[in-house]
Amino acid sequence: MLAFLRKRKDVSGVLVYKLDRLSRNMSDYSTLEEMEGIEIISVTEALPSGASGRFVASIHAAVSRLYSDQLGERVRHAARTKVKKGGWPGPAPTGYINDVENKTLRPDPNMGPIVKLVFETYAREDISLSRLVKRAKALGLRTRKGSVLPKGSLHHLLRNPIYYGMIRWEGNLYRGNHEPLISKALFDAVQERLKGGSSPMTKRSFPYRGLMKCGYCGCKITASLIKGKYVYYHCTHGKGPCSQGFLREEDLGELFIPIVEKVILSRDMVRQLLQGVQEEGKRRKREASQRIRALNRQRTELHEMRDRAYEDKLTGKIGEKRWLEMEQRWTDQEESLMNQISALSTKEGPADDEAEATFKLLQRAPELYKRQSHAERARLLKVLLSNSILMGDKLEPVYKKPFDLVAEGVYSGNWLPG
Ligand SMILES: [Zn+2]
C-alpha cells in the first residue's frame with residue numbers, strides 16, 4: 001500500500017476500517033502519516049482532522065498495539081505449553097521439517113546431513129566462522145526459502161540446542177520429542193570453539209549508533225573504539241570526507257539531555273491518554289462478551305442435537321455404532337467451544353496498569369534519563385527519536401510521532417474528540 005501511495009500523487013486520503021488494522025506495524029503507520037497531503041480517515045472511530053487529529057490517531061494506534069502485544073502474550077503462552085510437552089512451536093529450523101501429522105519435527109532428508117557436517121567441520125577443523133559460511137554454502141546449506149545462511153544465522157544455528165534434542169525456550173531447556181541430528185558431545189565441542197573464537201557476542205556495543213545522521217553529508221553516524229577503551233562517534237564518510245569530527249560517547253550523552261527534556265507529558269495529558277486506553281478496554285470487553293454469548297448459543301444447540309440423537313438411539317432409529325461416532329464428533333466440537341469460551345473469558349482488561357506505567361515513565365523521562373547508563377539512555381532515545389542530525393557538536397532532534405507534537409508544543413489540551 002505504501003509503495004502504491006508513493007507512486008500515485010493524486011490520492012488524498014486512506015480510508016481504514018479501524019486504526020489497528022492499519023497500524024499493527026507502527027512504522028508503516030508513521031510513514032503513512034508523514035506522507036504529504038494524505039489524510040487517514042477511520043470509518044469506525046471519529047477523529048478530527050489536522051494536527052491534533054493526527055495526534056489522537058497516533059495515540060489510538062499506540063493503544064491498539066498495546067492490546068496486540070497482549071494478544072501476542074496469549075500466543076506465547078500457548079507456545080510455552082507446547083514446548084513443555086516437547087513440541088516445537090513454530091516453523092522448523094534449518095535441518096528439520098514440520099511433521100504436521102505427528103505435531104513434531106522430523107529431520108530434513110536434504111538439509112539434515114549438511115547441518116551435521118557443518119557442526120563436525122567447525123568442531124574438528126581450525127576454521128573461522130567466516131570461512132565456515134563459505135564452506136556451508138558450498139556444501140549446499142540453505143534455508144527453507146532457499147537462501148544462503150549469512151554469518152549471524154549460521155552462528156545462531158551452531159548455538160541452537162535443538163540439534164541434539166533439546167528445545168531452548170525463554171531461557172530454559174526442554175527435552176524435545178524429535179530426533180536429534182547430532183550428539184550432545186559434538187554440540188558442546190562447537191560451543192567451546194565459539195567461546196574461544198571471535199564470536200559476534202564479544203563485540204563492543206555502541207548504544208547511540210543508529211540514532212543520528214551527519215549534518216554535513218547525510219551519511220550515518222557510527223562509532224569506533226579508540227586505543228581499546230574510548231568510544232568516539234563519527235561520520236561513516238560513505239560519500240567521501242566531510243567536516244564532521246569525532247565526538248566522545250560521554251559528551252554525546254549530554255547533548256541528548258535538553259532534547260529529552262523537551263518531551264513533557266503534562267499530568268492532564270497522561271490522564272486523557274489513560275482514558276483512551278480504558279475506553280478501548282471496555283470496547284474490547286463488550287466484543288468478547290458478545291462472542292461468548294454466540295458460542296453459548298452454539299453449545300445449547302449442540303446439547304439439543306445430542307438429546308435428540310440419544311432418543312433416536314433408544315428407539316432404534318440409529319444404530320449403536322453410528323451413535324458412538326456422532327457422540328465422538330460432538331464431544332470434540334463441545335471441547336472446542338469450551339476452549340474458545342475460556343480463552344475469551346480469561347482475557348483480562350489488563351493493560352490499564354501497564355499503560356499507566358508506560359505513560360508515567362514517559363512523564364519522568366528527563367529525570368530518569370540522567371541517571372541511566374548509555375545503553376539504557378539509548379533505549380529511551382530510540383523510542384523518542386529517529387535519525388537526528390549531528391553537525392559538529394550541535395544536535396538537531398528529529399522526534400518520532402507523537403512526541404514531535406508534544407515537543408513542539410502543538411498540544412493545546414482540547415484535541416480529544418467529542
Ligand atoms: Zn559526514
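## A three-stranded sheet and its surroundings

In this predicted model, three strands form an open sheet in the order 7-11-12, and their pairing is mixed. The edges are taken by strand 7 (212-214) and strand 12 (394-396); each has a single partner strand, so one side of each is left without a neighbour in the sheet. On average, neighbouring strands of the sheet are turned by 30 degrees against each other, direction ignored.

Strands 7 and 11 run in the parallel sense where they pair, and three bridges join them. One residue pair can be named here: Lys213 has Ile389, in strand 11, as its bridge partner.

Ile389 belongs to strand 11, which spans residues 388-391. Ile389 also contributes to a nonpolar patch on the surface, together with Tyr216, Met391 and Val398. The four residues of this patch have about 310 Å² of accessible area together. Ile389 counts as partly exposed because its relative accessibility is 35%, a value between the limits of 20% for buried and 50% for exposed residues.

Thr222 is placed in another strand, strand 8, which covers residues 221-226. Thr222 is buried because its relative accessible area of 16% is under the 20% limit. Beyond its neighbours within four places in sequence, Thr222 is in contact with Arg209, Tyr232, Tyr233, His234 and Thr236.

The table sets out the accessibility of the two residues discussed above.

| Residue | Relative accessible area | Class |
|---|---|---|
| Ile389 | 35% | partly exposed |
| Thr222 | 16% | buried |

Definitions and conventions. Residues are numbered from 1 along each chain as its sequence is written. This is a predicted model: local features need pLDDT of at least 70, side-chain atom pairs count only at pLDDT 80 or more; totals for chains, interfaces and linings use all residues. Side-chain values use heavy atoms; hydrogens and water are left out. Patches are made of residues with over 30% relative accessible area and no salt bridge: like charges are joined within 9 Å, nonpolar side chains (Val, Leu, Ile, Met, Phe, Trp, Tyr) within 5 Å. Accessible areas come from the Shrake-Rupley method with a 1.4 Å probe; for residues, only the protein chains shown count as cover. A salt bridge is a side-chain nitrogen of Lys or Arg within 4 Å of a carboxyl oxygen of Asp or Glu. Helices (H or I, at least four residues) and strands (E, at least two) are DSSP runs, numbered from the N terminus. Buried means under 20% relative accessible area, exposed over 50%, partly exposed in between (1.4 Å probe, protein chains only). Two strands pair if DSSP finds at least two bridges between them. Axes are lines fitted to C-alpha atoms, for helices over the stretch in contact, and angles run from 0 to 180 degrees between N-to-C directions. Contact means heavy atoms within 4.5 Å.
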